[in-house]
Amino acid sequence: MEYKHQAVLLEEAIKYLNIKKDGIYIDGTLGRAGHSSEILKKLSNKGKLIAVDRDTAAIKAVKDKFPDNKSLILEHANFQEIDLVLEKLDIEAVDGMLFDLGVSSPQLDNPDRGFSYQKDGPLDMRMNPEQNLTAKDIVNNYSQSELERVISEYGEENWSARIAEFIVKMREEKKIETTGDLVEVIKAAIPKAVRRSGGHPARRTFQALRIETNNELEQLKNLIDKSVSLLNPGGRLVIITFHSLEDRIVKHKFRDLAKDCSCPPDFPICVCDEKSEVKVITKSPIQASESEKDFNPRSRSAKMRVAEKI
Ligand SMILES: C[S@@+](CC[C@H](N)C(=O)[O-])C[C@H]1O[C@@H](n2cnc3c(N)ncnc32)[C@H](O)[C@@H]1O
């Protein structure tokens, strides 16, 4: 079965990347190449697009779609290792980078990947199918307090303590194997009156487990730390996030990178020698237009921030 993905903030991301036709670009979250396809259209034969995804299914699908595009280099890798990818390709710096975070629709829609609380499947949630840790390992092996922390911190779930308690009680009787098993435990943990409002009761817990399984927030921080030094001056870093935890990281990292001297204000001269590395292009995040939100509900929570290397 062929799964499709509708790219979010497509026009805006391409505009802010400021693509030069002979430049070198990175799409660090290839997915089904929604953004990559548009970047490729803007490149000449001399231009290059290095497209990275940690999911082998994404790499395979795009390889089949662009069997012999000379500008496209596909790499199965984690974007936090973007420095190693460039080193392998003997490229020192690039002219722009795009990261469209989170999961793709093909990952969500395929029940075998275990991301969806709406379809029953194995409790997996690995973006990289070659990784060892699965959501099933977390749910069945983490202590009650670790589960509570993950669900509270990454899911911002008010009922984290009860959900963790119910998971531990349930797994004492039988291993929690499927997304359906987990949804049932979450429903039992959240009182019926509360379940009637605020969307699907399992949404926040599933988000939390996905973030933990894929170590998403740590990898985003590592990525931003590395990416700026790999940009040519004037090169842009474009990041699209889908929840507040990610957006906060991008906002704070960009602000720190844009900071000049960090000496206390009463110092007569600068002793820290710190210089801003980027200029923040988007003072507030770019969001989807009303028509995009109507057409593609996934875009409703999207926020795009852009920084330019000085
Ligand atoms: C929202 S989708 C990208 C969709 C893509 N922009 C498109 O229009 O088709 C996110 C993709 O990034 C990948 N991804 C997420 N985190 C990653 C990471 N740390 N390293 C590499 N790929 C990652 C996921 O596997 C997924 O395919």
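Reply: A cavity is a set of points, on a 1 Å grid over the protein atoms alone, where a 1.4 Å probe fits but cannot get out. A molecule sits in one if more than half of its atoms lie within 2 Å of its grid points. Here the space taken by the ligand is the largest cavity. This is a predicted model, where local features need pLDDT of at least 70 and side-chain atom pairs count only at pLDDT 80 or more. Residues are numbered from 1 along each chain.

Me: Which polar contacts does the ligand make?

Reply: A polar contact is a pair of N or O atoms within 3.5 Å. The side chain of Asp53 has an N or O atom 2.7 Å from a ligand oxygen. Arg54 places a backbone N or O atom 3.1 Å from a ligand nitrogen. For Asn78, a polar side-chain atom is 3.0 Å from a ligand nitrogen.

Me: How much of the ligand does the protein bury?

Reply: Accessible areas come from the Shrake-Rupley method with a 1.4 Å probe. Alone, the ligand exposes 600 Å², and the protein buries 99% of that.

Me: What are the ring planes of Phe79 and Phe99 doing?

Reply: Rings pair if their centres lie within 6.5 Å; planes under 30 degrees apart count as stacked, over 60 as edge-to-face, the rest as tilted. Phe79 and Phe99 have centres 5.4 Å apart and planes at 75°, so the pair is edge-to-face.

Definitions and conventions: Heavy atoms only, no water. Polar contact = N/O pair within 3.5 Å; in protein donor to acceptor, adjacent residues only side chain to side chain. 1 Å grid on protein atoms, 1.4 Å probe; cavity = no way out; pocket = protein on both sides within 12 Å on 5 of 7 lines; lining within 4 Å. Phe/Tyr/Trp six-rings, centres within 6.5 Å; stacked < 30°, edge-to-face > 60°.
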